[in-house]
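Here is a walk through one protein model, picking out a few residues, a helix, a bit of sheet and the cores. Keep the viewer open and follow along.

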Amino acid sequence: MTMRTRNLGTTGPAVSALGLGCMGMSALYGDADRAESVATIHAALEAGVTLLDTGDFYAMGHNEMLIGEALRGAPAALREKALTSVKFGALRDPAGNWSGYDGRPAAVRNFAAYSLQRLGVDHIDVYRIARLDPDVPIEETVGAIAELIEKGYVRHIGLSEVGAETIRRAAATAPIADLQIEYSLISRGIEQDILPTTRELGIAVTAYGVLSRGLISGHFTQDRRLAASDFRAHSPRFQGENLQHNLNLVEALRKIAQQKGVTVAQTAIAWVLSRGEDIVPLVGARTRERLGESLGALDVTLEAADLAAIEEAVPADAAAGDRYPSAQMAHLDSER
């Protein structure tokens, strides 16, 4: 496997063709092993992965501290190549409940100060509000990040889960490196308006959920029991008939993967890679085994016939169920 690089837009840094999404190492997908998580981050760095994605609200700072621990224990040469992508703004209470988003300039500076400390770094490479704060113009939030860039605390501005109009307003305020948004074989909504807008403006996409939270990994089964704290226990796509329908799509994809001698997960990730050099998939591997499988996607070449077969097996809008519960969908600017 040779790790390729891609640029985060016309204003962002060069990053590895795959990034590592670290959220599941701390929250929302059941228990995780801290030592294995650190080892997985080290394995990713050793394989040439440079982009590490997190959020300051992932287990209330736990994920940032985990990455900080991993970076401290990594060889200096690898640590220096690591690029941190951080989301901020989500408000939570001690019970872990969600209570909105805060994009005020004073809050941006406050969130950044804590993230720098937890990560143990002197700057954040890409900084973005996790969701649009409906009470604060995006120009004010982006402007505050731009001020952090001027002071050396941040290198690049990112966006997350916002729609085309918000992207344009943000880009008119300051250079935007990338938009982080869900994109996979069964989550293709960005292809209508959002992706054309980012391409017009020279903004890259860091795609999360490329395996749809494990749903199209080839490893999820109908009888799997999920803890109440697991996001998927409440996700519409993992419920009842929706789950069976979606797993039927996975089985159709599995036939194509088997014909190529690769795994379902590798096929799904390779499909996202095939969508353009401006798209960087984030893989949410929590173990070295799953990381190794994901990295194998870099060696998968999907020919025109393969892509046509995949399109036939899993057409756009084929998934059953929304990607978030209705209350969360209502707050997504990208869905408006």
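E64 sits in helix 2, which runs over residues 62-73. This is a predicted model, so keep in mind that local features are only discussed where pLDDT is at least 70. Is E64 buried or exposed? E64 is buried, with a relative accessible area of 0%. Leaving aside neighbours within four places in sequence, the residues in contact with E64 are T54, G55, D56, V86, S115, R118 and L119. If you want a long ruler across the model, take E64 and G321: they are 257 residues apart in sequence, and their C-alpha atoms are 31 Å apart in space.

Just ahead of that helix, A59 lies in the loop between strand 4 (51-55) and helix 2. A59 has a positive phi, near 55°, and is not a glycine. D317 is another non-glycine residue with a positive phi, and D317 is in the loop between helix 11 and helix 12 (326-329). Where accessibility goes, A59 counts as partly exposed at 22%, while D317 counts as exposed at 72%. Here are the two of them in a table.

| Residue | Phi | Relative accessibility | Loop |
|---|---|---|---|
| A59 | near 55° | 22% | strand 4 to helix 2 |
| D317 | near 65° | 72% | helix 11 to helix 12 |

Next, some sheet. Strand 8 covers residues 124-129, and six of its six residues are buried. On one hand, strand 8 pairs with strand 5 (residues 83-88) in the parallel sense, over four bridges. In that pairing, S85 stands opposite V126 of strand 8. On the other hand, strand 8 pairs with strand 9 (residues 154-160), again in the parallel sense, over three bridges. There, I124 has V154 of strand 9 as its bridge partner.

D102 is another acidic residue worth clicking on. Where does D102 lie? D102 is in the loop between strand 7 (98-101) and helix 4 (105-119). With a relative accessible area of 11%, D102 is buried, as that falls under the 20% cut-off. The side chain of D102 makes a polar contact of 2.7 Å with the side chain of R104. Not counting residues up to four places away in sequence, D102 also touches F88, G89, L91, A107, F111, I129 and D133.

Now for helix 8, residues 240-260. Its 21 residues reach 31 Å from the first C-alpha to the last, close to the 30 Å expected at 1.5 Å a residue. Which residues of helix 8 are buried? They are L243, N246, L247, L249, V250, L253, I256 and A257. Those buried residues cover an arc of only 160° around the axis, so they end up on the same side of helix 8. The spacing fits a general rule: an α-helix has 3.6 residues a turn, so residues three or four places apart point the same way. The other side of helix 8 has E241, K255, Q258 and Q259, which are exposed. As for what the buried side meets, the buried residues of helix 8 pack against helix 9 (264-273) and helix 11 (304-313). Right after helix 8 comes G261, with a positive phi near 75°.

Helix 9 has a residue to look at in its own right, A270. A270 counts as buried at 4% relative accessibility. Not counting residues up to four places away in sequence, A270 touches A297, V300 and L302. A270 and V300 are 30 residues apart in sequence, yet 6.2 Å apart in space, C-alpha to C-alpha.

That leaves the nonpolar cores. How many residues does the largest one have? The largest nonpolar core has 92 residues, and those with the most contacts inside it are L20, I41, Y127 and L159. Helix 9 supplies the largest share of this core, eight residues. Apart from it lies another core of 19 residues, including L51, L83, Y208 and V280. Back to one of the well-connected names: L159 touches R128, I138, V142, I167, A170, I176, D178, L179 and Q180, not counting residues up to four places away in sequence.

How values were computed: Residues are numbered from 1 along each chain as its sequence is written. This is a predicted model: local features need pLDDT of at least 70, side-chain atom pairs count only at pLDDT 80 or more; totals for chains, interfaces and linings use all residues. Side-chain values use heavy atoms; hydrogens and water are left out. Helices (H or I, at least four residues) and strands (E, at least two) are DSSP runs, numbered from the N terminus. The expected span of a helix is 1.5 Å times one less than its number of residues. Buried means under 20% relative accessible area, exposed over 50%, partly exposed in between (1.4 Å probe, protein chains only). The arc is that of the directions from the helix axis to the C-beta atoms. Contact means heavy atoms within 4.5 Å. A nonpolar core is a set of buried Ala, Val, Leu, Ile, Met, Phe, Trp, Tyr and Cys residues joined through side-chain atoms within 4.5 Å. A polar contact is a pair of N or O atoms within 3.5 Å; within protein, one must be able to donate a hydrogen and the other to accept it, and residues adjacent in sequence count only if both atoms are side-chain atoms. Two strands pair if DSSP finds at least two bridges between them.
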